[in-house]
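User: Please look at the model below with me, and let us go through it by question and answer.

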Amino acid sequence: MLAQFIEAACGRYGFDGRPIAIGFSNGAIMAAALLLTDPGLLAAAVLFRPLSPFTYDLPHRPDGTPVLIIDGDNDSRRSPGDGLRLAERLVRAGALVTHHALPVGHAITSEDRRIAREWLRA
């Protein structure tokens, strides 16, 4: 349903190209699900404090889709390694993943913003 909404909104509002998803926490999990279930929908994704929406690999291939994942090593809402496991799942699916783990909690910090800004510029 979300993928259909994004496609319809892009058409209705005349967006050129595919959108870039930027998600935090549950929003990052939803964006990860889109990457894994609807390859080609997103041009790229920035995922702050995600975890994998699935416990298994899917047959879909988001080949070459750039993805930035930023974890917090002290995130009390995530198990250690959640973001890394998602990064590995996306790499196996063919995405181009950049993964960072910062010594922070669940909140987005200025360092998160700096990393994301530089990654998006590249």
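User: With which side chain does the side chain of Arg78 make a polar contact?

Analyst: This is a predicted model, in which local features need pLDDT of at least 70, side-chain atom pairs count only at pLDDT 80 or more, and totals for chains, interfaces and linings use all residues. Residues are numbered from 1 along each chain as its sequence is written, and side-chain values use heavy atoms, with hydrogens and water left out. A polar contact is a pair of N or O atoms within 3.5 Å, where within protein one must be able to donate a hydrogen and the other to accept it, and where residues adjacent in sequence count only if both atoms are side-chain atoms. At 3.1 Å, the partner of the Arg78 side chain is the side chain of Ser25.

User: Which side chain of opposite charge is nearest to Arg78?

Analyst: Arg78 is found in the loop between strand E3 (66–72) and helix H3 (82–93), helices (H or I, at least four residues) and strands (E, at least two) being DSSP runs numbered from the N terminus. Arg78 is buried, a word that means under 20% relative accessible area, with exposed over 50% and partly exposed in between (1.4 Å probe, protein chains only). Lys and Arg count as positive and Asp and Glu as negative, while His and the chain ends are not counted, and a salt bridge is a side-chain nitrogen of Lys or Arg within 4 Å of a carboxyl oxygen of Asp or Glu. Arg78 has no salt bridge, and the nearest side chain of opposite charge, 4.7 Å away, is Asp75.

User: Which residues are joined into one network by salt bridges that share partners?

Analyst: Arg89 forms a salt bridge with Asp57, with the closest N and O atoms 2.8 Å apart; Arg89 lies in helix H3 and Asp57 in the loop between E2 and E3, so this pair ties together parts that are 32 residues apart in sequence. Arg92 also forms a salt bridge with Asp57, at 2.7 Å between the closest N and O atoms, and this pair ties together parts that are 35 residues apart in sequence. Arg89 is buried at a relative accessible area of 11%, whereas Arg92 is partly exposed at 43%. The network consists of Asp57, Arg89 and Arg92.

User: How many residues of E2 are buried?

Analyst: Ala44, Val46 and Phe48 point one way from E2, and Ala45 and Leu47 point the other way, with all of them buried. E2 is therefore largely enclosed by the rest of the structure, the buried count being 5 of the 5 residues.
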